[in-house]
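Got your viewer open? Let's take a short walk through this model, one selection after another.

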Amino acid sequence: MKVDGKHYYTIWKHPEDISKIQIIDQRHLPHRFVIEDITTVDQMVAAIRDMHLRGAIIIGAAAGYGVYLAAREAAETGNFDQAFKDRCDALKAARPTAVNLEWGVNRTAAVVNAAIDINEKIHAALQEADDIALEEIDRSQRIGAHGLSIIKKLSQAKGGEPVNILTHCNAGWLACIDHGTATAPIYAAYDAGIDVHVWVDETRPRNQGARLTAWELGQHGVKHTVIVDNTGGHLMQNGMVDLVIVGTDRTTSNGDVVNKIGTYLKALAAHDNGVPFYVALPSSSIDWELQSGSDVPIELRGEEEVTSIWGESDGELLCVRLTPKNSPAANYAFDVTPAHLVTGLITELGVSSASAEGLREHFNNAR
Ligand code: MRU
């Protein structure tokens, strides 16, 4: 996607210095556009844990590049295998919910373990990480094309009037490498000349919607309005939402969708009001091992994300307290939307029903 007219991915290897991976540091957006250099596994773990980068798809790619850094570091020790394993374990433990993290580490570690020579291991890791990133871009683009058909039909049914789409959190290009998952159909529709307008849930406590989705939609020129998280139900009751599209951090083999906290409430409101509720995801976000969303570890983050809020004033980033000093807070970062509330799963292969049979058929038919 373009930032002030220049094309960026969200993670890439430094073009001249092979020891550096570069990322857009999302903590500073929308106020500052900051690129961070990452040269060690510890830095990559911190970037994932402390959300310099966030969103399941980029987390999977960061895992791949993290394994590359792990191979480089292990090569400097006397015991490659042990040092490499320890670093891969540290990467996997950085955040619990997005399945892409473990998937990216395992996939890249497998090619390292299969290579014999140390230089070959390092080279293979970098190649695999690059492949993950490129494949995810392709998957996002395909998700965009499949989701476009849904938006096109709604636009035709409305005689070209704006299609109002509600999204939660940021499943945009910042959460991916390019295009996004939930936003990919929106960008595809906008680029095809369809009139779209996006309701952007602010997404407390970290405000990924207000800070990130609003920023990237604005960079692309897509009409949007930021709303507080409690507004969606009211809009749906009043016919102001034609479609909900969200992303997912992990979808289990029965079609249950684990996504940013608050997604479930949007799905309930959509169900009650007959609004189609779609989830956009690449196959890398499907956990075939787990039978149901209730098996997924839900990340519990620090209280300070709830008790305070970040903003900008006169060019300075400030953090201010919101709650009484002694009130405890709970910060569950994700929730589970049961499959029966999901109209369809938009994947790189098309639209699948959110069910065990639907998903199995969807992926088997394509093989
Ligand atoms: O905690 P985050 O910001 O990493 O959570 C990410 C999300 O939940 C996204 O909204 C998204 O739906 C999944 S990533 C494509």
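**Stop one: a small sheet**

Start by selecting Arg 250 and Val 258: Arg 250 stands opposite Val 258, which belongs to β11. Keep in mind as you look around that this is a predicted model.

Now widen the selection to strand β10 (residues 250-252) and strand β11 (residues 257-260), which pair in the antiparallel sense over two bridges. Together β10 and β11 make a hairpin, with four residues between them. Click on Gly 255 in that turn: it has a positive phi of about 90 degrees.

Next, add residues 334-337, which are strand β16. How many bridges join β11 and β16? There are four, and this pairing is antiparallel too. To see one spot along it, pick Val 257 and find Thr 337 of β16 standing opposite.

Go back to β10 and look for its other partner, β13: β10 and β13 pair in the parallel sense over two bridges. Here Thr 251 stands opposite Ile 286 in β13.

Show the four strands together and you have an open sheet in the order β13-β10-β11-β16, with mixed pairing. Its edge strands are β13 (286-287) and β16, each of which pairs on one side only. While you have side chains switched on, here is a handy rule: in a regular strand they alternate between the two faces of the sheet.

**Stop two: the two domains**

Zoom out and color residues 2-135 as domain 1 and residues 142-366 as domain 2, following the domain assignment. The C-alpha centres of the two domains lie 25 Å apart. Where they touch, 34 residues of domain 1 meet 36 residues of domain 2. Between them, the domains bury about 2,900 Å², and 57% of that is on carbon and sulfur atoms.

**Stop three: across the interface**

Which side chains should you select to see a salt bridge? Try Glu 299 and Arg 95, which meet at 2.8 Å, N to O. The count between domain 1 and domain 2 is one salt bridge. Polar contacts are there as well: 20 residue pairs across the interface, with both residues at pLDDT 80 or more.

Now hide domain 2 and look at the side of domain 1 that touches it. The elements giving two or more residues to this side are β1 (2-3), α2 (56-75) and α4 (99-114). Helix α2 gives the most, with four residues. Color this side by class to finish: you'll find 18 nonpolar, eight polar and eight charged residues.

Methods: Residues are numbered from 1 along each chain as its sequence is written. This is a predicted model: local features need pLDDT of at least 70, side-chain atom pairs count only at pLDDT 80 or more; totals for chains, interfaces and linings use all residues. Side-chain values use heavy atoms; hydrogens and water are left out. Domain bounds come from an automatic or database domain assignment. Contact means heavy atoms within 4.5 Å. Buried area is the accessible area (1.4 Å probe) that two parts lose on being put together, summed over both. A salt bridge is a side-chain nitrogen of Lys or Arg within 4 Å of a carboxyl oxygen of Asp or Glu. A polar contact is a pair of N or O atoms within 3.5 Å; within protein, one must be able to donate a hydrogen and the other to accept it, and residues adjacent in sequence count only if both atoms are side-chain atoms. Ala, Val, Leu, Ile, Met, Phe, Trp, Tyr, Cys and Pro count as nonpolar, Asp, Glu, Lys and Arg as charged, and the others, Gly among them, as polar. Two strands pair if DSSP finds at least two bridges between them.
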